[in-house]
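Student: I would like a close look at a single part of this model, namely its charged side-chain pairs and what surrounds them. Please take the time to connect the details.

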Amino acid sequence: MNPHLQGLLGVLLGVLVVAVVLGLLRWRRDGVAVDPQELMLASRNTCITEAIQQATAGGHSITYGELDQLEKHCGS
């Protein structure tokens, strides 16, 4: 096989591995509960503050994935 082609395939394989690892880390992060101090920092406007209060009503925890969705909804 041509050495240049082997190098290109190696680079493409490396990029693919990095993309998979970052995707798995993001997937894991989205399921982790956000601690209260970080929720306080995320409360930048009234929309996000109210959404967080509704989501955490009754002692429920909120995950990073849910927080990302709330921030998209509120435009933060």
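Student: How many salt bridges does a search of the whole structure find, and how are the partners placed?

Tutor: This is a predicted model, in which local features need pLDDT (the predictor's confidence in each residue, from 0 to 100) of at least 70 and side-chain atom pairs count only at pLDDT 80 or more, while totals for chains, interfaces and linings use all residues. Residues are numbered from 1 along each chain as its sequence is written, and side-chain values use heavy atoms, with hydrogens and water left out. The protein chain has a mean pLDDT of 88, with 99% of its residues at 70 or more; among its elements, helix α1 (residues 3-30) has the highest mean, 93, and helix α2 (residues 36-42) the lowest, 83. Helices here are DSSP runs (H or I, at least four residues), numbered from the N terminus.

The search of the whole structure finds 4 salt bridges, each defined as a side-chain nitrogen of Lys or Arg within 4 Å of a carboxyl oxygen of Asp or Glu. One of them joins the side chains of D30 and R26 at 3.4 Å, N to O; these two residues are 4 apart in helix α1, and are therefore separated by about one helical turn. R26 also forms a salt bridge with D68, where the closest N and O atoms are 3.0 Å apart. Because R26 lies in helix α1 and D68 in helix α4, this pair ties together parts that are 42 residues apart in sequence. R29 forms a salt bridge with D68 as well, its closest N and O atoms being 3.0 Å apart, and since R29 lies in helix α1 and D68 in helix α4, that pair ties together parts 39 residues apart in sequence. Through shared partners, R26, R29, D30 and D68 are joined into one network.

As for accessibility, buried means under 20% relative accessible area, exposed over 50%, and partly exposed in between (1.4 Å probe, protein chains only). D68 is buried at 15%, whereas R26 is partly exposed at 44%, R29 is partly exposed at 30% and D30 is partly exposed at 25%.

Beside this network, Y64 touches R29 and D30, and also V32, A33, V34, D35 and E38, not counting residues up to four places away in sequence; contact means heavy atoms within 4.5 Å. Y64 also belongs to the largest nonpolar core, 11 residues in all, a core being a set of buried Ala, Val, Leu, Ile, Met, Phe, Trp, Tyr and Cys residues joined through side-chain atoms within 4.5 Å.
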